[in-house]
Amino acid sequence: MKTLHNGFVGLAFLTAVAVGGTIVSGNAWADRGGDRGGRCACSGRDGGWKGHGQQGDRLAKALDLSKEQAEQVKAIFLKHRDEIAPLRKEMMSDRRELRKLTRSDKPDEAALREQAKKIAATSGDLAVRRAKVFQEVRTVLTPEQIRKFRALQEKRDRRIDGMMRRGQEGQPKGE
């Protein structure tokens, strides 16, 4: 039973990291969602990816986007916002349900697996939508900006991989 519990904890952790990484990368590109009716918390600033705060501003600066490019990218994200927002909301709801199931007094393995499948399916749908959005954004970026963006993604992936390794190995003694 303890092995089963550890397996579910590991699955929940990996799912959270994968989904978190997906959401963070999506937030860096400023899709909208959550419980704000598809609007960003920064909607008073007209939303848009640069209006999304430090992440969007840092990304625009790192890619050295021109004002015209920033406006084009903003328009692309605004165009797709209504497609992505319900998926993000569904993802949050599904993850909340999985946490509820894992904390129950008598975890139901079949229910847990089914909920994990729902999360995986929604995560896949989000990944496909984000890939389509990025293909549109690519038309606005120069080849050098695309290389810079890919380098930023690789750096993020290495950071996430490091967090996962530390989580699997536990904290080093003395820390």
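These legends go with a set of close-up views of one predicted model.

**View 1. The whole chain, a run of five helices.** There are five helices here and zero strands, so from the N terminus on the elements simply read α-α-α-α-α. Of the 175 residues in the chain, 36% are buried. Take the contacts with a separation of 6 or more: 71% of them join residues 24 or more positions apart. The accessible surface adds up to about 11100 Å², and carbon and sulfur atoms hold 52% of that.

**View 2. Where the predictor is confident, and where it isn't.** Averaged over the chain, pLDDT is 76, with 65% of the residues scoring at least 70. Which elements sit at the two ends of the scale? Helix α1 (residues 2-28) has the lowest mean pLDDT, at 47, while α4 has the highest, at 94. Residues 8-53 are the stretch to read with this in mind: pLDDT stays under 50 there. The model still gives that stretch 87 contacts beyond four places in sequence.

**View 3. The largest nonpolar core.** This one brings together 22 residues, and Val133, Val137 and Leu141 have the most contacts inside it. Four helices each put in at least two residues: α2 (54-63), α3, α4 (109-138) and α5 (143-169). Helix α3 gives the most, with eight residues.

**View 4. Asp94, an acidic residue tucked away in α3.** Look for Asp94 in helix α3, which spans residues 67-102. Is this side chain's residue buried or exposed? Asp94 counts as buried because its relative accessibility is 6%, and the cut-off for buried is under 20%. Setting aside neighbours within four places in sequence, the residues in contact with Asp94 are Gln115, Lys118, Ile119 and Thr122. Those four numbers all fall in the range of α4, 109-138.

**View 5. Glu109 and Arg113, a salt bridge along α4.** Six salt bridges turn up when the whole structure is searched, and here is one of them: the Glu109 and Arg113 side chains meet at 2.9 Å, N to O. Side chains of opposite charge can pair when their charged atoms come close. The two residues are four apart in helix α4, so about one helical turn separates them. Glu109 is partly exposed, at 32% relative accessibility, and Arg113 is partly exposed too, with a relative accessible area of 46%.

**View 6. Glu144 and Arg147, a salt bridge along α5.** On helix α5, Arg147 forms a salt bridge with Glu144, and their closest N and O atoms lie 2.9 Å apart. What spacing goes with this pair? Arg147 and Glu144 are three residues apart, which means a separation of about one helical turn. Glu144 has 40% relative accessibility, so it counts as partly exposed.

**View 7. Arg156 and Asp157, a salt bridge with one buried partner.** Arg156 and Asp157 also form a salt bridge, with 3.2 Å between the closest N and O atoms. How does burial compare for the two partners? Arg156 is buried, with a relative accessible area of 18%, whereas Asp157 is partly exposed, at 35% relative accessibility. The cut-off between those two classes is 20%, so the 18% of Arg156 falls on the buried side.

Technical notes
Residues numbered from 1 in each chain as written. Predicted model: local features only at pLDDT ≥ 70, side-chain atom pairs only at ≥ 80, totals over all residues. Heavy atoms only, no water. Buried < 20%, exposed > 50% of the residue type's maximum accessible area, 1.4 Å probe, protein only. Contact = heavy atoms within 4.5 Å. Core = buried A, V, L, I, M, F, W, Y, C linked by side-chain atoms within 4.5 Å. Salt bridge = Lys/Arg side-chain N within 4 Å of Asp/Glu carboxyl O. pLDDT = per-residue confidence, 0-100. Areas by Shrake-Rupley, 256 points an atom, 1.4 Å probe, with all protein chains shown as cover.
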